[in-house]
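Trainee: I've got a structure open and would like to practise reading it. Could we go through it together?

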Amino acid sequence: MKFIDNEGITDPYINLAIEEYVLNHFGEEDTYLLFYVNRPSIIIGRNQNTIEEINTKYVDEQHIKVVRRLSGGGAVYHDEGNLNFSFITKDDGNSFHNFAKFTDPVVHALNTLGVPAELSGRNDLVAEGRKISGNAQFTKRGRMFSHGTLMLDSEIEHVVEALNVNSEKIKSKGIKSIRSRVANITEFLDQPITMEQFKVHLLKHLFNVDNLANVPRYQLTEEDWDNIHQISKDRYQNWEWNFGKSPTFDIQKTHKFPAGLVDVRMDVSKGLIKNCKIYGDFFGVGDISVIEDKLIGIRYQKQALTDALSEIDVPHYLGKITQQELIDLIY
């Protein structure tokens with residue numbers, strides 16, 4: 001494994017582009033670790049409806065950037081008190097959906113600081129029942145990354161104000177307030193540490209070295225940076241990618257499965273599905289538009305839905321959600 005230094009960049013447009021570039025262009029058998037800290041921003045999951053995930057008034061007033069990432073999962077708030085880590089590696093067929101493989105070393109590093117961290121539920125790290133980290137994954141052509149947040153000393157009030165929480169998530173978790181279930185890592189430390197000290201501790205632990213000079217590194221070249229800036233311009237600075245069009249739909253079906261929230265919107269005219277959009281924080285591998293396209297033009301009828309999806313590997317697109325569960329939700 002080699003560490004990639006992002007040279008202190010706090011622009012989420014660039015940092016997400018670095019991650020994508022390394023995923024697509026670096027050695028198939030190699031593993032890389034990337035750290036990055038973003039200025040205040042909301043990072044939206046690949047399949048989410050941006051407009052409904054954010055408090056647009058607050059985001060505009062606070063000049064918070066909104067950027068969509070490649071991975072699934074839910075929206076997260078980043079700022080200078082939050083450290084993001086990303087393991088970029090080979091997808092060996094047993095790693096995607098296996099969050100423990102990537103979070104266990106991080107959990108152990110936190111434990112050595114006295115933080116009672118542990119993996120909880122699908123993809124969160126918690127300490128004393130309060131969330132300190134969210135994690136997500138993406139895979140493409142035999143390569144993948146597993147990345148997560150570490151809330152060292154983040155502005156939790158911004159987390160609360162900037163994000164809209166879907167009522168299905170609240171209902172499924174039986175909670176009344178985001179404030180009661182998120183925490184900063186500093187709350188569990190005997191002595192406060194800076195972000196740089198936190199990075200150093202993690203690097204030494206993850207690479208099992210006593211001296212930072214012994215951490216294997218890859219230095220991004222001028223050519224690498226040119227390609228990264230092009231990806232940033234083409235994707236992450238693109239309004240269509242980050243927000244896209246969110247048309248109105250006359251049928252909405254939403255459910256929080258153990259594998260994630262699924263929100264299906266459909267326009268139905270004269271019994272036929274004219275338009276379909278599927279949002280959510282699920283972790284699928286395939287492009288969700290494959291399922292959306294299969295449903296357009298068919299009858300809004302249970303048997304017709306079953307027939308349309310009969311040859312579709314639904315879990316490939318929605319994670320651990322079955323074809324029957326999707327049909328039962330839609331109809």
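Mentor: Sure! One definition to begin: an axis here is a line fitted to C-alpha atoms, for helices over the stretch in contact, and angles run from 0 to 180 degrees between N-to-C directions. Keep in mind that this is a predicted model.

Trainee: Okay, how are helix H1 and helix H8 oriented to each other, roughly parallel or roughly perpendicular?

Mentor: Two packed helices are described by the angle between their axes and the distance between the axes. For H1 (residues 12–25) and H8 (residues 222–236), the axes are 8 Å apart and the angle is about 115 degrees. Angles of 65 to 115 count as roughly perpendicular, so H1 and H8 are roughly perpendicular.

Trainee: And what kinds of residues make the contact of H1 with H8?

Mentor: On the H1 side you'll find Ile14 and Tyr21, among others, while H8 brings residues including Trp225 and Ile228. Sorted by type, the contact has three charged, three polar and ten nonpolar residues.

Trainee: What span should helix H4 have, and how far apart are its end C-alpha atoms?

Mentor: H4 covers residues 99–111, which is 13 residues. At 1.5 Å a residue, the expected span is 18 Å, and this agrees with the end C-alpha atoms being 17 Å apart.

Trainee: Is Lys270 buried or exposed?

Mentor: Lys270 sits in the loop between strand S13 (260–269) and strand S14 (272–280). Its phi is near 55 degrees, a positive value in a residue other than glycine. Exposed means over 50% relative accessible area, and at 86% Lys270 therefore counts as exposed.

Notes:
Residues numbered from 1 in each chain as written. Predicted model: local features only at pLDDT ≥ 70, side-chain atom pairs only at ≥ 80, totals over all residues. Heavy atoms only, no water. Helix = DSSP H or I, 4+ residues; strand = E, 2+ residues; numbered from the N terminus. Parallel < 35°, antiparallel > 145°, perpendicular 65-115°, else oblique. Contact = heavy atoms within 4.5 Å. Nonpolar A, V, L, I, M, F, W, Y, C, P; charged D, E, K, R; others polar. Expected span 1.5 Å × (residues − 1). Buried < 20%, exposed > 50% of the residue type's maximum accessible area, 1.4 Å probe, protein only.
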